[in-house]
Amino acid sequence: MAVSKLLRLIFLSFFLVIFVDSQCLDDQKKLLLELRSELAFNSSHSQRLAKWNATDDCCAWGGVECDGSGRVISLELYDEGISGKIGESSSLFRLRHLSKLHLASNVFTTCEIPNQFHHLPDLTSLDLSLSGFVGPIPPTLADLTELVHLQLSSNFLTGSVPSFQTCKNLESIDLSDNNLIGSLSHLHFQGLTNLSFLDLSQNSLNGVIPRHLFSLPSIAYLSLSNNEFSGRIEEFPVATNSRLRTLDLSSNRIGGRIPNSFFHFRNMLTLTLSYNLFNGTFKLNKIRSLTRLSEFSLSNNNLSVETDNMSSVSHGYPMLFSLRLASCNLYDFPNLRNMSYLLDLDLSDNHLQGDIPSWVWENGKTNLNLSFNLLTCVEKPQYTSVKHLDLQSNDLGCAFSSFIRTSPSSSDSIVLLANNRLTGVIPTSICNASPLIALDLSFNSLSGSIPPCLIKKSLGREVLNLRGNKISGVIPDLFSSWCSLQTFDVSNNNLVGNVPKSLANCKSLEVMNVGNNNLEGSFPCMALPVSLKVLVLRSNRFHGDLRCRKSWPNLQIMDISSNDFRGNVNLLNFSSSLRGMMLESPTHVRFNRSSSKFLGADSYYHNEVTLTVKGIEVKLVKIWPDFTSIDLSSNRFRGEIPDAIGDLTSLYLLNLSHNSLTNAIPRSLGALTELGSLDLSSNKLTGRIPEELTELGFLSVLNLSYNHLTGLIPTGRQFQTFSADSYVGNAGLSGFPLNGSFNNPHRPGPSPSADSEPKDEEIEWGYVFAAFGYVVGFGSIAWTLLCCRSLRERYFEKIEEVVDKIFYERGRRRRHERRVRRREERRNGLRRHHH
């Protein structure tokens, strides 16, 4: 009986403890409710804040955790749709016992991180990542002496990295993907003896990397990639008990020799040194000392890799599964036959030629990139396990059927064979091979028709690119209801017939390019899914008007030029059909983190589109998510240009040339503040040139020639830079720059033919509008960029992110062309050398 009473007493005591522990203090509840009222948040998106109320125990509220005394010690309000700002006097900073605060993935756009965190002395974990914060990192964060984890990544923070010397307990610091500047020379991380994780990648940090970073006693992960670090890294001592496992210095400007100290980290798993300026000759045998190394990348430096005695490395180094030596001046394949765990091999952009050796296909590789070499043949291809095969831009001249996998596999795969000399037809056996996420056979010499099964079996496929071949016949109308295509490009072939209506089943289709074929029919309104971002119908035989009630809210590029479309342009309802070409808000570009990625199915593939500007074909080898363009040129459109076109405020390029458009140029074009290229030439436009056009601060290409315009050419900072060619063929126009006089000396001769082909010239840009601004018309935008800081920063941000990639693509292709021209010479030289 006594035992029973004792058990009941213990149970009652336990119940009372639990009950008391679950009750938050009144002042804590009041502070939480005040905080809820301060914060603007999306109640339909919120999973926690929206359910806070005044009646329930606040310790049971979503995202709230209390200690045994009912004091709030943790707030996890990540991804709650919170917007606006946190005020300096917010009730948040009166929750004095907080040890964990997570506000990641919210929308504090254009707001600075408050400077009041020193009022939370017990804070051990702070996560404000991916939330749009701007401005400097508050120095008061360094007063949080108990701080263990600091996460501020993926914001828009500026200024320098503060010193955290007083935060002796710090174990992880993540400041990646911001706009931080300055060097690290003033920082002394030596005192942070517990620091194991430091990520400062994707900023604008510069100067020489302090050597003591590599010697921190607890450091296991160190990433300084995608910055502007320069200079040399001198040799430094490495402790035998060093814990460093991951070192990423990629995408900087670090030069000199690769220090031998890097190869004394006995626990190193990943070493990434790619995209720098390291020079000299590097002996690949050095990696033998890193016996646990699994990933090594040395791609795209200024060095030459020496691969002698690699067979000995492979025997003593069995764990390597990723080796990347792109652009390392390799003339011969390294002997990697015995590296049985090697799954990822990148030898692209080198000088490899001749046959691909048979051992390359062995050992179950999943990723193989040999693109941009001079390879001519495949020796016994048996790549049934290669998931990502990239052999584009070589000199492969065999039949395409030799690349078809002989045995089906359940794993998805990627096959990129563009820019070779593959011949023959696309066999139907391709449909029985492994499921293809992406198939790019563009710019070869393939003939025959598109196999119907290739269209019908589109489940799981994201990319189908057959561009630039000799394929004929019709596009099979067999797109299934489970079609998952994102890119469909069959341009520059000999296809006939109509655009299949079943294409509308591809609900995720972003890029549709059927340009430069012999397709016909009316505007394929019903065949175009609403997901489209790029639509190219150029240079076909389409006809009729643009009557269509469908909307494409995400459309960025629309090119229907050089067809036989007619009728009024305003039949395409610009305001409702093309909402994606309207700026949502002044912060649209700045905060849209997806803007950091080029339009493509994934990191493995980038789409390209060819546009026409002033008769020159301009190839976008990567499509920036904010680039927008409309080209309706070389058709038979008539009537006036609708005022509603001025609603498309994000337009960068507008081409309505070579039509029969009449009436005046609408003043609403002055609202297109992002416009960089405007071509209204060879129409029947009348009246004066609107003064509003002079306010287009980024306009660098203008063509109003061969119309019936009259009056004085407006003056303004942009219009004073355009040549007379922009205005010729308008008998009633006068003023500068028409020979500096007020009389137009040019009689209205015959306008250029609407059927005339553009110049056969291609300029490859990663971000074409930036290219227009800096190459085609630098003078016309320089004043604006110098005088308007916010716009200048916006454009420089984009340019800085893509310029290296732009010139890398251009340089790589040019190097490849030079190699092709010198191939026979080198072969003869090699023969003489071996002899």
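Select C483 and C506. These two cysteines form a disulfide, with their sulfur atoms 2.1 Å apart. You are looking at a predicted model. Turn until you look along the S-S bond: the angle about it is 95°, and the link of C483 and C506 is right-handed. Now show the ribbon on both sides. C483 sits in the loop between β33 (472-474) and β34 (487-489). C506 sits in the loop between β35 (494-497) and β36 (511-513). The pair links distant parts of the chain, 23 residues apart.

Is C483 buried or exposed? C483 has a relative accessible area of 7%, and under 20% means buried, so C483 is buried. C506 is buried too, with a relative accessible area of 0%.

**Next stop: C431 and C453**

Select C431 and C453. A disulfide joins them, S to S 1.9 Å. The link of C431 and C453 is right-handed, with 75° about the S-S bond. This pair also links distant parts of the chain, 22 residues apart. Look for C431 in the loop between β29 (423-425) and β30. Look for C453 in helix α4. C431 counts as buried, at 14% relative accessibility. C453 is buried as well, at a relative accessible area of 19%. The cut-off for buried is under 20%, so C453 falls on the buried side of it.

**Towards the start of the chain**

Select C24 and C58. They form a disulfide, and their sulfur atoms are 1.9 Å apart. Which parts of the chain does the pair link? C24 is in the loop between α1 (2-21) and α2, and C58 is in the loop between β1 (40-41) and β2. The two cysteines are 34 residues apart. C24 counts as buried at 8% relative accessibility. C58 counts as buried at 0%.

How many disulfides does the structure hold? It holds five. Number the bonded cysteines in sequence order, and the pairing reads 1-2, 3-4, 5-6, 7-8, 9-10.

Two more cysteines are worth a click. C111 counts as buried, at 12% relative accessibility. C167 is buried, with a relative accessible area of 0%.

**Into the core**

Hide the surface and select L75, F117, F262, F296, F488 and F523. These are the residues with the most contacts inside the largest nonpolar core, which has 192 residues. Colour the elements that feed this core. Helices α2 (26-38) and α4 (452-456) each supply at least two residues. So do several strands, including β2 (64-66), β3 (72-76), β19 (277-283) and β21 (302-306). β26 (374-378) and β30 (436-440) belong on the list too.

Zoom in on F117. Which residues is F117 in contact with, leaving aside its neighbours within four places in sequence? Show F93, L101, L123, L126 and L128. Then add T140, L141 and L144.

Another core lies apart from the largest one. It has 11 residues. Select V534, V536, I623 and Y652, which are among them.

**Out to the surface**

Bring the surface back. Select M319, F321, Y341 and L343. They form a nonpolar patch on the surface, and together have about 360 Å² of accessible area. Pick out Y341. Y341 lies in the loop between β22 (322-324) and β23 (344-346). Y341 is partly exposed, with a relative accessible area of 46%. That value lies between the 20% and 50% cut-offs, which means Y341 is neither buried nor fully counted as exposed.

Now go to H606. H606 is in the loop between α6 (588-591) and β42 (609-613). At 31% relative accessibility, H606 counts as partly exposed. Show T487 alongside. H606 and T487 are 119 residues apart along the chain, yet their C-alpha atoms are separated by 9.8 Å.

**Last stop: the whole view**

Zoom out and colour by secondary structure. The protein has nine helices and 53 strands. Colour by burial next. Of the 835 residues, buried ones make up 54%. Now show contacts. Among those with a separation of 6 or more, 55% come from residues 24 or more positions apart. Finish with the full surface. The protein exposes about 35,100 Å², and carbon and sulfur atoms supply 51% of that area.

Methods:
Residues are numbered from 1 along each chain as its sequence is written. This is a predicted model: local features need pLDDT of at least 70, side-chain atom pairs count only at pLDDT 80 or more; totals for chains, interfaces and linings use all residues. Side-chain values use heavy atoms; hydrogens and water are left out. Patches are made of residues with over 30% relative accessible area and no salt bridge: like charges are joined within 9 Å, nonpolar side chains (Val, Leu, Ile, Met, Phe, Trp, Tyr) within 5 Å. Accessible areas come from the Shrake-Rupley method with a 1.4 Å probe; for residues, only the protein chains shown count as cover. A salt bridge is a side-chain nitrogen of Lys or Arg within 4 Å of a carboxyl oxygen of Asp or Glu. Helices (H or I, at least four residues) and strands (E, at least two) are DSSP runs, numbered from the N terminus. Buried means under 20% relative accessible area, exposed over 50%, partly exposed in between (1.4 Å probe, protein chains only). A nonpolar core is a set of buried Ala, Val, Leu, Ile, Met, Phe, Trp, Tyr and Cys residues joined through side-chain atoms within 4.5 Å. Contact means heavy atoms within 4.5 Å. A disulfide is a pair of cysteine sulfur atoms within 2.5 Å.
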